[in-house]
Amino acid sequence: MSKPIKVLLVDDKKDYCESLSGVSRNSNIKVEYKLDWETGFELLKNDQSIEFVILDGKGKIEADQETEKDNFVVRAMKDIDNYSTQISKHIPYCVNTGFMERFEALEDNVNIFEKNDKDRDKMFQHIIEEVTKSEYRTSRIKFEESFLAFDKGIINKVHEHLLIEIINAYEAKDFRKKNINVQRDLLEAIYMGLNDPIPCIPNGLFKDDGKPNHEWCTRFMEDRETNGNKLNKAIPQDIKSAFRKLKESTNRYSHLDDNEVLKAPFSSNKFLLIEILEWLPEFVETNYKNYL
């Protein structure tokens, strides 16, 4: 069976939430629920593995709110859309309500399902179809092991979209220089994860703005003395070489126009990044297990 689809349900009726959470398992859907949008949105922002959101037609926006609000859906939809843009990851959603007639004006903007058994099954099928065709799912299917470093918290999940962008650009044969910039950003995210939460690369090898000094961090991961620091951990030579090649390649073309085509370096960098990402969890498990 494929990995369950993780869904956030926001509905102020706890009994209904528990009921839907139970029956959804038959469709390989795992439902996490919150009773108000304030805590629901917080969960969405903190759990990057959520792939879909179900919104009650009328609910509570704040946790301490006593009555439901008619603007609940519009507020939640706006927040999800803005957040999706912010993290460059599409988060699909739908409305699940007992009052269909109230939401006719929204039908062109969102799928609406009634709270009955027939529509519930249609909703589950809609969720499966939407998530299955998402860039996130299709990318993970092909490169599952490359996402483990994000799943384990080694690299912040907020950077996961960079890997998806790289995979999609490669699949689309989009080798423009601007996509090499994305590879550079992912290399930075790897270095930042190896500084915090994994205490591998020292703070002294980072700039004042919190960004890694590429040359210093690369030297350190090559197990070479750098500004008085040395890793002293076993790193395979091919991984050392991968860090060096990525650093040189992603910095080399910074002066070029974004639309300059760089097929060979982009393709090479893509496989080097995947190689490092697949090696990273084992390295951390061996040397920094207590931080996972």
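This passage walks through the overall build of the protein chain, its nonpolar core and two places of interest in its loops.

The model described here is predicted. Its protein chain has 292 residues, and 50% of them are buried. The secondary structure amounts to 11 helices and 5 strands. Measuring tape in mind, a reader may picture the C-alpha trace spanning about 65 × 40 × 40 Å along its principal axes.

Turning to the interior, the largest nonpolar core contains 49 residues. Leu194, Cys200, Ile201, Met221 and Leu280 are the members with the most contacts inside this core. Several helices contribute at least two residues each, namely H6, H7 (160-171), H8 (177-193), H9 (214-221), H10 (237-252) and H11 (263-287). Of these, H11 gives the most, with 10 residues.

The surface offers a patch of negative charge, where Glu145, Asp238, Glu275 and Glu278 gather. One of these residues, Glu145, sits in the loop that links helix H5 (135-142) to helix H6 (148-151).

Another loop, the one between H9 and H10, holds Asn232. Is this residue buried or exposed? Asn232 has a relative accessible area of 58%, and it counts as exposed because that value lies over the 50% cut-off. Along the chain, Asn232 and Glu222 are 10 residues apart, and their C-alpha atoms are separated by 9.8 Å.

Notes
Residues are numbered from 1 along each chain as its sequence is written. This is a predicted model: local features need pLDDT of at least 70, side-chain atom pairs count only at pLDDT 80 or more; totals for chains, interfaces and linings use all residues. Side-chain values use heavy atoms; hydrogens and water are left out. Patches are made of residues with over 30% relative accessible area and no salt bridge: like charges are joined within 9 Å, nonpolar side chains (Val, Leu, Ile, Met, Phe, Trp, Tyr) within 5 Å. Accessible areas come from the Shrake-Rupley method with a 1.4 Å probe; for residues, only the protein chains shown count as cover. A salt bridge is a side-chain nitrogen of Lys or Arg within 4 Å of a carboxyl oxygen of Asp or Glu. Lys and Arg count as positive and Asp and Glu as negative; His and the chain ends are not counted. The place of a charge is taken as NZ of Lys, CZ of Arg, CG of Asp or CD of Glu. Helices (H or I, at least four residues) and strands (E, at least two) are DSSP runs, numbered from the N terminus. A nonpolar core is a set of buried Ala, Val, Leu, Ile, Met, Phe, Trp, Tyr and Cys residues joined through side-chain atoms within 4.5 Å. Buried means under 20% relative accessible area, exposed over 50%, partly exposed in between (1.4 Å probe, protein chains only).
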